[in-house]
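Trainee: Got a minute to go through this one with me? I'd like to talk cysteines, then the surface.
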Amino acid sequence: MFVSFSITVGIRAITAYAVFKIVEPDKPITSEKMYADYPYLRELDMSHQKAFDFPMHQVFLDHELLSAYICNYCGIQSIYNQTLSKLPQLTLIVLKNNALEYVHPDSFKHNSRLDHINLSGNQLVTINSLATLRHISSVSILNLSHNEKLDINQVTLKGDRIMIFSCNHCATTYLDRNSFAGMSRLSHINFKENMIEQIHYDALESLTYLKTLNIDGNRNLTMLSFTSKTLKRLSAQNCSLEGTLQTSNLPELISINVRGNRITHLDELSLVAYRKINSLLLDDNELQKIPEILMKLPQLQRLCLDRNLFQPYENIEEATSVYNSRCLRQNCSQDDAFHLKFEYQLPNKNGVAVFKKKPVHSVSNNGATMDLSGRNIVFIEQDYLIDYARVKEFIFDNNHNFDFKVSMSFLESNSVEILNMRNCSITALNSSTFMKLPKLTSLHLQGNQILSLHSASFYPRHGLTYINLASNNLQLISLTAFQYLNKLKVLILDDNRHFFKIVRKHFLISTSISNLSCENCGFEQMTDETFDMMSKLRALNLHNNNLRSFDIDLLNELETLCIDDSFLEDAFLHSLERHIDRVTELEAGCKKQSLTKRLKSIINYSTVSESLGTTAMTDATSDTLYMRSSAVVIWQTSASQKKPIQSSKNMWIPRLNMPTITVSPEIGASQFSTPTSVIN
């Protein structure tokens, strides 16, 4: 019996010696002696016991060695004078995300070793009726963040050894010399997401140990004018800083983060003079000039400049070359998308760059039409349209120096259907150019400098139905350039004069194009295979080309055919005479019906010639029948022979003074009149 008792006591002693940490005990503390059997307990974590609160005006726990107490997400509402009085070795207390409203001024009177207090995520306003917290002279870290109604200027914190003080997401509206009066040894101050409107000039002047200040997200803060002789790291991201970033009163700065403000200029002279800055984060501001002077500072290791309002200039490549060679982008962004990087965006030419944060467009049709034409734009931010969901038509004409960036999407919009980019300087298209315009149906690129279209020039399965590439410098179009544009109906290639210098068997492959216009394209020959890979082709415009003949079978396959008669061979024209009715139908939709008129003229002349018979011609022995016409056959007659000759346009053939035959093509009749003089 005695042996058994001794073993039990020994096991219990060993267990008590071994337990240094208890996490989430099964039962809440109901007695101050509850953990007396664990004399070596160092850390007690009671988190997530949502019904637990400290007993009112009683000792919470009596333990000689406990150094860390944690109760996050519990139900604690108050810390009383006696609550922690029997925890003499306590160094850490963490009570995050409770319902804490009250902390007695002397709550930590008996915790002389207390080093770290975290009361973040509670409902503290003035802490207590005296608005003070005493006996925290040993504390080095104090975190009161996420007490959303707490204004640091309304409470007194007597902690002259506090080094790190955080009150993020609180309600502080300003900082002055009294804000940190009881915390002279502060080295790190965190006041993110408060309501700070002003930091007084001398607010930090007495903090001679200060190294870091974080005031990110104070949206009402427009200027930094404070002074500090020791501050090394400043973060004021996503505030409302505007104008010049003044740093002349901060001589020890080595790191600045002012992303997401409205800064237009830098105090470059002071930054260069102090020669200590090694990290400068300036993304998402309104800088218009690349800080080339700063790029050359020998100690600078990181310079982040994306999404500013930089304007391009001819020698911009020199600046970006220095930037890349020194690897100044390191750790600027985790997004490796190169189209977001300023050094890849701006062209090496004079012109205007436009950005979403500073729009310059005009709108009409209740916001459905956006116009940026004629502004000498050479760069536009890809997400310029992202906030304009009503825009259906985007007009970008007459920006004469604009070209697409290689392998970059032009714009991103889920609403744009019509894109006008006439008379720019576009030289090439690729599959990514319009990839982020999924609703695009109509594309107008007349008057650019596009040299070729490859099989990857258009994003596959794009919903384009209309493409106009007139008046470019097209010299090569891949056979499959439009093959995967399954909804494309109309393709206009007018005035690309050098396109057809390379002869090939087939023109294009397309199962959707029904209307094709190649006016003034240097077309010289057309076989029965030229368009046989375009099964849906129904309308074809070949005006002002040098065609000598074409496949007559096209007359039965097309619904509209517009073609010039000027270069068609005589033999081919005669073969078309019996198809004049069909030609007339096909040319009905053309702006001029030159082939129909030509065929009618030939047929009418033949009818007139037959009606006159041989008598009229033989009576005019050694004479010449005079007629003014364009590309008509003139018959020179004589007593012995009739021989056809070719007349030049508007050519006058001399004749004797004889009756003139006037032919009326409309009715095929002739009239006679006697001239009064000889026409020379």
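Mentor: Sure, one term up front: buried means under 20% relative accessible area, exposed means over 50%, and partly exposed is in between, with a 1.4 Å probe and protein chains only. Also, this is a predicted model, where local features need pLDDT of at least 70, side-chain atom pairs count only at pLDDT 80 or more, and totals for chains, interfaces and linings use all residues. Residues are numbered from 1 along each chain as its sequence is written, and side-chain values use heavy atoms, with hydrogens and water left out.

Trainee: OK, is C521 buried or exposed?
Mentor: Buried, because its relative accessibility is 0%.

Trainee: And why no bond for C521?
Mentor: The closest cysteine sulfur, in C518, is 4.6 Å from the sulfur of C521, so that is too far for a bond. The cut-off for a disulfide is a pair of cysteine sulfur atoms within 2.5 Å.

Trainee: How many disulfides does that rule give?
Mentor: Four. With the bonded cysteines of the protein chain numbered in sequence order, they pair 1-2, 3-4, 5-6, 7-8.

Trainee: Start with C71. What is its partner?
Mentor: C74, and the two sulfur atoms are 2.1 Å apart. This disulfide is left-handed, because the torsion about the S-S bond of C71 and C74 is about -100°. C71 counts as buried at 0% relative accessibility, and C74 does too, at 8%.

Trainee: How far apart are the sulfur atoms of C167 and C170?
Mentor: They sit 2.3 Å apart in that disulfide. The torsion about the S-S bond there is about -100°, so the C167 and C170 disulfide is left-handed. Both C167 and C170 are buried.

Trainee: Which cysteine is joined to C562?
Mentor: C590, at 1.8 Å from S to S. The C562 and C590 pair links distant parts of the chain, 28 residues apart: C562 is in strand β35 (residues 560-563), while C590 is in the loop between α8 (580-587) and α9 (594-618). For those labels, helices (H or I, at least four residues) and strands (E, at least two) are DSSP runs, numbered from the N terminus.

Trainee: What's the handedness of the C562 and C590 disulfide?
Mentor: Left-handed, because the torsion about the S-S bond is about -95°. C562 and C590 are both buried.

Trainee: Switching to the surface. Which residues make the nonpolar patch?
Mentor: F20, Y40 and L65, covering about 240 Å². Patches take residues with over 30% relative accessible area and no salt bridge; like charges are joined within 9 Å, and nonpolar side chains (Val, Leu, Ile, Met, Phe, Trp, Tyr) within 5 Å. A salt bridge there is a side-chain nitrogen of Lys or Arg within 4 Å of a carboxyl oxygen of Asp or Glu.

Trainee: Where is F20?
Mentor: In the loop between α1 (2-18) and β1 (21-23). F20 has a relative accessible area of 41%, so it is partly exposed.

Trainee: And which residues gather in the negative patch?
Mentor: D528, D532, D553 and E557. E557 belongs to helix α6 (residues 554-557), and E557 is partly exposed at 49% relative accessible area.

Trainee: Last topic, backbone. What is the phi of I127?
Mentor: Positive, about 75°, although I127 is not a glycine. I127 is in the loop between β7 (116-118) and β8 (132-133), and at 2% relative accessibility it counts as buried.

Trainee: What about the phi of R307?
Mentor: Also positive, about 60°, and R307 is not a glycine. R307 is in the loop between β21 (302-304) and α4 (316-325), and counts as partly exposed at 30% relative accessibility.

Terms used:
Areas by Shrake-Rupley, 256 points an atom, 1.4 Å probe, with all protein chains shown as cover. Lys, Arg positive; Asp, Glu negative; His and termini not counted. Charge placed at Lys NZ, Arg CZ, Asp CG, Glu CD.
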